[in-house]
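Good morning, colleagues. Please take a moment with the sequence and the structure on the screen, and I shall then walk through a few parts of the fold.

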Amino acid sequence: MHGFETRAIHAGQDPDPRTGAVITPIYATSTYAQDGVGGLREGYEYSRTANPTRTALEECIAALEGGVRGLAFASGMAAEDTLLRAVLKPGDHIVVSDDAYGGTFRLVSKIAEPWGISWSAAPVTDTAAVRAAVRPETKVIWIETPTNPLLSVADIAGLAAVAHDAGALLVVDNTFATPYLQQPLALGADVVVHSTTKYCGGHSDVIGGVLVVSDAALGEELAYHHNAMGAVAGPFDAWLVLRGLKTLAVRMDRHCDNAERVVQLLERHPRVSQVLYPGLPGHPGHDVAVKQMSRFGGVVSFRLADGEQAAVDVCDRAKLFTLGESLGGIESLIEHPGRMTHASAAGSQLEVPGDLVRLSVGIETVDDILADLSQALG
């Protein structure tokens with residue numbers, strides 16, 4: 001098998017056979033001429049079902065994650081919703097991380113629960129606690145690692161064993177780590193989820209999501225729902241994500257380099273009470289992260305000793321860091337999770353600390369990043 005960077009540039013992306021174009025075209029078409037009734041050219045009939053640009057992305061992301069099937073969606077949440085409705089039915093149960101992305105929590109608690117799905121939250125850092133949360137009707141264990149926004153680390157192989165002992169699927173949201181830094185399917189996961197809006201796209205110019213699976217039969221079932229439910233990635237969005245994947249490796253190396261320098265600054269700053277980053281030897285999940293990640297990513301969270309208002313003030317004073325939701329783009333972003341991305345979890349078991357700030361460390365000149373963060377901290 002070729003190396004990661006080679007697969008990112010070439011998997012699913014052979015030169016166009018007619019023109020020789022080395023970059024996959026944007027097939028901006030809704031339908032396809034047929035060679036007689038039922039005579040499909042290369043299997044294409046309607047772009048909700050399949051589109052050559054989307055096919056290229058799906059083949060590429062599957063190759064990068066080491067899966068047998070990839071499916072590209074209009075957003076990360078569309079991917080999550082399609083997955084849950086494909087593999088669950090009313091009366092089933094799901095275990096989710098007690099430190100989950102706010103959108104995932106909202107989907108499970110406000111959309112799936114009224115449909116008849118029960119759920120429990122458990123700390124994914126504690127394999128025994130996740131096992132204790134499993135019920136006879138549990139069909140999915142859903143984890144992020146590292147988690148959003150507390151950057152907790154789950155033992156993927158250990159939780160895969162828990163899920164499979166219960167006859168359930170282990171779903172891993174690999175958005176923060178990316179396939180460059182972590183390979184959940186190789187560790188026993190059944191499904192990998194990405195918001196390709198983040199690092200896979202990498203330029204804050206596209207919304208998208210993907211599912212990658214290790215089992216062909218599950219892939220076929222998800223593909224049926226993908227088409228039937230229709231939340232598919234459009235050709236231009238698929239092309240933007242495919243373009244982003246080509247530089248994922250080099251971008252992630254710079255994100256990680258810059259994040260490590262940010263962590264050093266935060267570790268010695270008197271106003272910071274705690275730095276959350278899996279690369280720190282003192283991080284509770286560091287040893288597990290070392291085993292299953294090649295590096296530790298570009299997201300850094302930290303807590304302010306002076307409380308919530310101090311955290312809000314840091315966000316407001318930042319200049320190079322853009323105050324905004326999302327992450328994984330080339331530019332540095334700063335946010336207050338409790339009032340922004342995770343506001344939907346307020347008052348629940350998944351509520352995040354008010355004194356928490358989350359950084360998506362970009363690929364700008366690192367000295368500029370450090371100077372802006374220093375002045376924002378005061």
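Two strands are said to pair if DSSP finds at least two bridges between them. Please also keep in mind that this is a predicted model.

With that rule in hand, I begin with a sheet. Seven strands form an open sheet in the order 1-7-6-5-4-2-3, and the pairing within this sheet is mixed. Which strands stand at the edges? They are strand 1, residues 69–73, and strand 3, residues 118–122. Each has a single partner strand, so one side of each is left without a neighbour in the sheet. On average, and ignoring direction, neighbouring strands of this sheet are turned by 20 degrees against each other.

At one of these edges, strand 1 pairs with strand 7, residues 209–213, in the antiparallel sense, over five bridges. Within that pairing, Leu71 has Leu211 of strand 7 as its bridge partner.

Next, what packs on this sheet? Helix 2, residues 52–65, does so, touching strand 1, strand 7 and strand 6, the last being residues 191–195. The direction of helix 2 makes about 130 degrees with that of strand 1. At 1.5 Å a residue, the 14 residues of helix 2 should span 20 Å, and the end C-alpha atoms are 20 Å apart, which agrees.

Is helix 2 mostly covered or mostly uncovered? It is mostly covered, with 12 of its 14 residues buried. Among the buried residues are charged ones, namely Arg54, Glu58 and Glu65, alongside Leu57, Ile61 and Leu64.The two ends of helix 2 also deserve a remark. At the N-terminal end, Asn51 acts as a cap, with a side-chain oxygen 2.9 Å from the backbone nitrogen of Thr53. After helix 2 comes Gly66, whose phi is positive, near 70 degrees.

Helix 2 also brings us to the cysteines. How many disulfides does the model contain? The count comes to zero. Cys60 is in no disulfide, and the nearest cysteine sulfur, that of Cys200, is 9.2 Å away. A disulfide would require the two sulfur atoms to be within 2.5 Å, so the distance of 9.2 Å between the sulfurs of Cys200 and Cys60 is too far for a bond. Cys60 is buried, with a relative accessible area of 0%, and Cys200 counts as buried at 2%.

I turn now to Thr104, which lies in helix 4, residues 102–115. Thr104 counts as buried, at 2% relative accessibility. What does the side chain of Thr104 make with the side chain of Glu80? It makes a polar contact, at 2.9 Å. Leaving aside residues up to four places away in sequence, Thr104 touches Met77, Glu80, Trp142 and Glu144.

Finally, I come to strand 9, residues 299–304. Five of the six residues of strand 9 are buried, so that strand is mostly covered by the cut-off of under 20% relative accessible area. Strand 9 runs antiparallel to strand 8, residues 272–276, and four bridges join the two. Strand 9 is also antiparallel to strand 12, residues 356–360, to which five bridges join it. Phe302 in strand 9 is the bridge partner of Val275, and in strand 12 the bridge partner of Phe302 is Val357.

Note on methods:
Residues numbered from 1 in each chain as written. Predicted model: local features only at pLDDT ≥ 70, side-chain atom pairs only at ≥ 80, totals over all residues. Heavy atoms only, no water. Buried < 20%, exposed > 50% of the residue type's maximum accessible area, 1.4 Å probe, protein only. Axes fitted to C-alpha atoms, helices over the stretch in contact; angles between N-to-C directions. Contact = heavy atoms within 4.5 Å. Expected span 1.5 Å × (residues − 1). Polar contact = N/O pair within 3.5 Å; in protein donor to acceptor, adjacent residues only side chain to side chain.
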